[in-house]
Amino acid sequence: MPTAAAQRPGGDVSSAEGVAADELKQFIERLERLEEEKAGIMGDIKEVFAELKGRGFDAKAVRTIIRIRKQDHSERQEQEAILELYMQALGMA
């Protein structure tokens, strides 16, 4: 349970709590920097998709290809076999 000093903003903090607070602050600052980088990367990805759409490529198909390429070969084969089976069952093949 936190002490009254730890609960008060700007209150005195014992040395053990101070170390934990410093460490926590460092983690938070690292996460904030990473979130900023992530936002920049997401913006870059958005620009690439806009460019490929401008060149006539289908963004949805490209996203599907990227997702498929992340899968290992056996996982992809299994998924394709199940999809084919379901499509045959529905008369779509």
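Reader: How many salt bridges does a search of the whole structure find?

Author: One. A salt bridge here is a side-chain nitrogen of Lys or Arg within 4 Å of a carboxyl oxygen of Asp or Glu. Bear in mind that this is a predicted model, where local features need pLDDT of at least 70, side-chain atom pairs count only at pLDDT 80 or more, and totals for chains, interfaces and linings use all residues. Residues are numbered from 1 along each chain as its sequence is written, and side-chain values use heavy atoms, with hydrogens and water left out.

Reader: Ok, which residue forms a salt bridge with Lys-38?

Author: Glu-35 does, and the closest N and O atoms are 3.7 Å apart. The two sit three residues apart in helix 2 (residues 15–54), so about one helical turn separates them. An α-helix has 3.6 residues a turn, so residues three or four places apart point the same way.

Reader: Is Glu-35 buried or exposed?

Author: Partly exposed, at 47% relative accessible area. Lys-38 is also at 47% and counts as partly exposed. The cut-offs are under 20% for buried, over 50% for exposed, and partly exposed in between (1.4 Å probe, protein chains only).

Reader: Zooming out, how many helices and strands are there?

Author: Four helices and zero strands, giving α-α-α-α along the sequence. Those are DSSP runs numbered from the N terminus: helices are H or I with at least four residues, strands are E with at least two.

Reader: And what percentage of the residues is buried?

Author: 5% of the 93 residues. The protein exposes about 8,500 Å², with 58% of that from carbon and sulfur atoms. Those areas come from Shrake-Rupley with a 1.4 Å probe, and for residues only the protein chains shown count as cover.

Reader: Where's a nonpolar surface patch?

Author: Ile-41, Met-42 and Ile-45 make one of about 280 Å². Ile-41 lies in helix 2 and is partly exposed at 48%. Patch residues need over 30% relative accessible area and no salt bridge; like charges are joined within 9 Å, and nonpolar side chains (Val, Leu, Ile, Met, Phe, Trp, Tyr) within 5 Å.

Reader: Switching to Gln-71, where is that?

Author: In the loop between helix 3 (59–70) and helix 4. Gln-71 is buried, with a relative accessible area of 13%. Its side chain makes a polar contact with the side chain of Gln-79 at 2.6 Å. That term means N or O atoms within 3.5 Å; within protein, one must be able to donate a hydrogen and the other to accept it, and residues adjacent in sequence count only if both atoms are side-chain atoms.

Reader: What caps the N-terminal end of helix 3?

Author: Asp-58, with a side-chain oxygen 2.9 Å from the backbone nitrogen of Lys-60.

Reader: Anything just after helix 4?

Author: Gly-91 takes a positive phi of about 75° there.
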